[in-house]
Protein chains: 2
Amino acid sequence: MPVEPAGAVLTEHAVAVREGAIEAVLPTHEAASRFPGYQSVELARHALIPGLVNAHTHAAMTLMRGLADDLPLMRWLEEHVWPAEARHVSREFVRDGTLLACAEMLRGGVTCFNDMYFFPEAALEAALAAGLRSAHGIIVIEFPSAYASDPGDYLRKGLELRDRAGDEPLASFCFAPHAPYTVSDETFRKVATLSAELDLPVHIHVHETREEIERSLAEHGVRPLERLRRLGLLSPNLIAVHAVHLDELEIQLLARHGCSVVHCPSSNLKLASGFAPIAALLDAGVNVALGTDGAASNNRLDMFQEMRSAALLAKAVAHDAQAMPAHAALRAATLGGAQALGLAERIGSIVPGKCADLVAVDLCAPELTPLYDALSHLVYAAGREHVTHVWVAGELRIRDGCFANDAFASLEARVQLWQNALAGLAGP
Amino acid sequence: MPVEPAGAVLTEHAVAVREGAIEAVLPTHEAASRFPGYQSVELARHALIPGLVNAHTHAAMTLMRGLADDLPLMRWLEEHVWPAEARHVSREFVRDGTLLACAEMLRGGVTCFNDMYFFPEAALEAALAAGLRSAHGIIVIEFPSAYASDPGDYLRKGLELRDRAGDEPLASFCFAPHAPYTVSDETFRKVATLSAELDLPVHIHVHETREEIERSLAEHGVRPLERLRRLGLLSPNLIAVHAVHLDELEIQLLARHGCSVVHCPSSNLKLASGFAPIAALLDAGVNVALGTDGAASNNRLDMFQEMRSAALLAKAVAHDAQAMPAHAALRAATLGGAQALGLAERIGSIVPGKCADLVAVDLCAPELTPLYDALSHLVYAAGREHVTHVWVAGELRIRDGCFANDAFASLEARVQLWQNALAGLAGP
């Protein structure tokens, strides 16, 4: 299932890979003669898809998975997440939490994630140890944290990391101003200037809740997207995360400026944020990607779940059972994310010249039979548990459902220590 | 997680089972001395939950899984499902399709299902072969099928089956008039009389789509629930499936009459039927159960998925992140279904005296760590792939994720033949 062209399902095909890149996509019977001497992996009953791109997460927050459920966004943030972060978040917390996130994501076919969190250098370290591709937010927020003292400090630290990691082929960077209600006009102006200068995406939570919009109207006299427009932030570099509450004009605005939307269906439901108008966004031509959000508000980093939820919700929201068909959900989970991150030339589809980020999904199980339409099964019936093999840039990371390297060897014990600490017991 | 009392999580506990029934729930350290000589199964890192009750499905339709996706309900029924049924549905189709459904459901922790389909004797045969508990609809619909010629014939055949199977401890029966738009007043009156006489539940699709309600207003001058009320069908025996489009008075009506609602979140989304007001129903005191619907409109018979979707959707629909917390979703998936089926005295919770329908879920995996709240993980983070052991009436049906008997030995080959036939190739 190469994703390009849209909806294509090639049967009896092979993918030739060389030096981490896709060399050819061709009928299996031609593969041995055209590529003699290549190591061969036969997956006769599998679907091969591009690696899934988790276009919005806070990876380290896996350490808070299930810590405070069934609460509204602002209470969840103000009474639980922010206090826990103030007490516990450190370089080590981010490294261990991100490594746990990578373990979960790799097993579930995610080969690239777009992260927004404190200590991005620790998140990058974990991603590289795990062998995932990752985009890291140069996070900026008005309040101080263990990571940085003020907006200037956040930006400086993030840009320094980008300079240091510039040559790392699996790493990329975005600006990540947290949200309209936590970032000032002055900081947004700096981000707009820097983003244009460096041609980097701007990754931001926006129009997530009604309260956010009401607060913006009270404090700035306009809704958040209009405020961002005035501050020069609407462009193909904008990654608008959530985008739940949009009127018709705002959908057109996003389309006209070539912005991307990252849809996080599980998170939007769990925090009671609402229902994003995904069919209308797709109809308007907006690039839609999918994200899990952090494990504290989902509680799984499972892009199969997000594909299925996105495809199903789009139908009920649009009153149209034909909205977001299976192939559109797969596109959002792969090429949509790649495009949002500015990586569509390198990843997101199985096309010669792109990186060999590939995922094999075993379609032979009682719950996946009979099989009339493999794309339908991939989105509506299969789950991450059917992933058997994952390659990132041609390197095998998951083999028969198990980790192919020892990056995660001591992780379980470290996670247990964090669990003890966050639950208020003795810990690191 | 015994479900009764609500929200309870007992740690370091054991369940004693004797002759298919739960004898005691007690601290593990007391188990060996109080029940010497009992065979012991130690599941140190697992959650033990009551067997899941799938309160609405058309099990045999697994054979149509993914046959026609991304279509609205009436087109899906009229252009795809009904023609395929007219051509293929037979006793053998129902037996094989139901056996496939049982394989999928058992692996996913479902120990009881409520079925509505043609040839219920074949469905019952499959369920007993698989070792599942099942409730079978005495289906009635105005149009003829390969199974029966007219409403009288449907009722007669269903009642005969109930008489024959009366002593089978794993079987029970409901009347199953298909829907308000396919059943006449005369037939509904007969069902109401028989249901009261025999004290059997009445299992019906109702208020599923706006079109159904409009059609009822045009043809009967009232909305479907009001029509059912006038026909004497609102009672604690009514199992109202879908119940998507309800006004405030209808919610009160269902509560006042003690009716049960079976919520089918995936199906309601996939067919773009809408969003059932589950938090409002729960607030009104209506018993809510969960169902997967058939695999043709879901496309999985996965009660973990339905629990998670129900809990998440309830929050966004009610604009309240505290709506349907995890323990309420687990209750709906177990005791709620048992109550709807009139089986709450026998199944639905881990309570001494009830049948030993039990499911063990392994909570030790990267995607389930850390663990602060096991109930939260069960609903929000775990999936059916974490089910390791399933007992029905004390009999082990799934051991370490694999079938414990050979009921499914030749199933794969038979499903392949049906797939060929339904896809238009040579077949049975």
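**Helix 3, the interface and the salt bridges of a predicted two-chain model**

Helix 3 of chain A is mostly covered, with 13 of its 17 residues buried. The model is predicted.

Reader: Glad to look at this with you! Does the end-to-end distance of helix 3 of chain A agree or disagree with its 17 residues, and what is that distance?

Author: Happy to start there. Helix 3 of chain A runs over residues 91-107, and at 1.5 Å a residue its 17 residues should span 24 Å. The separation of the end C-alpha atoms agrees with this expected span, being 24 Å.

Reader: Which residue with a positive phi follows helix 3 of chain A?

Author: A nice detail to check on the backbone. The phi in question is near 85 degrees, and the residue that has it and follows helix 3 of chain A is A:Gly109.

Reader: How are the two copies related when chain B is laid on chain A?

Author: Chain B can be laid on chain A by a turn of 180 degrees, with a shift of 0.0 Å along the axis and an RMSD of 0.0 Å. The two copies are therefore related as by a two-fold rotation axis.

Reader: And in chain B, which residue has the C-alpha nearest the axis?

Author: Look for a C-alpha that is 3.3 Å from the axis. In chain B, the nearest one belongs to B:Glu385.

Reader: Do the copies meet through the same surface or different ones, and what percentage shows this?

Author: The contact involves 64 residues of chain B and 64 residues of chain A. The copies meet through the same surface, because the share of chain B interface residues that are also interface residues in chain A is 100%.

Reader: How much area is buried between chain B and chain A?

Author: The size of an interface is often given as the accessible area lost when the parts come together. Carbon and sulfur atoms give 56% of the area buried between chain B and chain A. The total is about 5,000 Å².

Reader: How many salt bridges are found across the interface of chain B and chain A?

Author: One pair that meets in a salt bridge is B:Arg107 with A:Glu367, at 3.2 Å from N to O. Polar contacts across this interface come to 27 residue pairs, both residues being at pLDDT 80 or more. For salt bridges across the interface, the count is four.

Reader: Which element of chain B gives the largest share of the side that touches chain A?

Author: The elements that give two or more residues to that side include helix 3 (91-107), helix 10 (265-270) and helix 15 (411-422) of chain B. The largest share is seven residues, and the element that gives it is helix 12 of chain B.

Reader: Now to a single residue: is B:Thr62 buried or exposed?

Author: B:Thr62 sits in the loop between strand 4 (52-57) and helix 2 (73-88) of chain B. Beyond its sequence neighbours up to four places away, B:Thr62 touches residues of both chains, among them A:Thr369, A:Pro370, B:Leu100 and B:Glu104. Its relative accessible area is 0%, so B:Thr62 is buried.

Reader: Back in chain A, how far apart in sequence are the parts that A:Arg65 and A:Glu104 tie together?

Author: The side chains of A:Arg65 and A:Glu104 meet in a salt bridge at 2.9 Å, N to O. A:Arg65 is in the loop between strand 4 (52-57) and helix 2 (73-88) of chain A, while A:Glu104 is in helix 3, so the pair ties together parts whose separation in sequence is 39 residues.

Reader: Which residues are linked with A:Arg65 and A:Glu104 in a network of salt bridges?

Author: Both A:Arg65 and A:Glu104 are buried. The residues linked with them in the network are A:Arg300, A:Asp302 and A:Arg384.

Reader: Is A:Arg414, the salt-bridge partner of A:Asp96, buried or partly exposed?

Author: The A:Asp96 and A:Arg414 side chains meet at 2.8 Å, N to O. Because A:Asp96 lies in helix 3 and A:Arg414 in helix 15 of chain A, the pair ties together parts 318 residues apart in sequence. A:Asp96 is buried, with a relative accessible area of 4%. At 24% relative accessibility, A:Arg414 counts as partly exposed.

Reader: Last one: which side chain makes a polar contact with that of A:Ser297?

Author: A:Ser297 lies in the loop between strand 11 (287-290) and helix 12 (303-318) of chain A. With 1% relative accessibility, A:Ser297 counts as buried. The polar contact of its side chain is at 3.5 Å, and the partner is the side chain of A:Ser267.

Conventions. Residues are numbered from 1 along each chain as its sequence is written. Chains are lettered from A and ligands numbered from 1 in the order in which they are written. This is a predicted model: local features need pLDDT of at least 70, side-chain atom pairs count only at pLDDT 80 or more; totals for chains, interfaces and linings use all residues. Side-chain values use heavy atoms; hydrogens and water are left out. Copies are superposed by least squares on the C-alpha atoms of residues with pLDDT of at least 70 in both. Contact means heavy atoms within 4.5 Å. Helices (H or I, at least four residues) and strands (E, at least two) are DSSP runs, numbered from the N terminus. The expected span of a helix is 1.5 Å times one less than its number of residues. Buried means under 20% relative accessible area, exposed over 50%, partly exposed in between (1.4 Å probe, protein chains only). A polar contact is a pair of N or O atoms within 3.5 Å; within protein, one must be able to donate a hydrogen and the other to accept it, and residues adjacent in sequence count only if both atoms are side-chain atoms. Buried area is the accessible area (1.4 Å probe) that two parts lose on being put together, summed over both.
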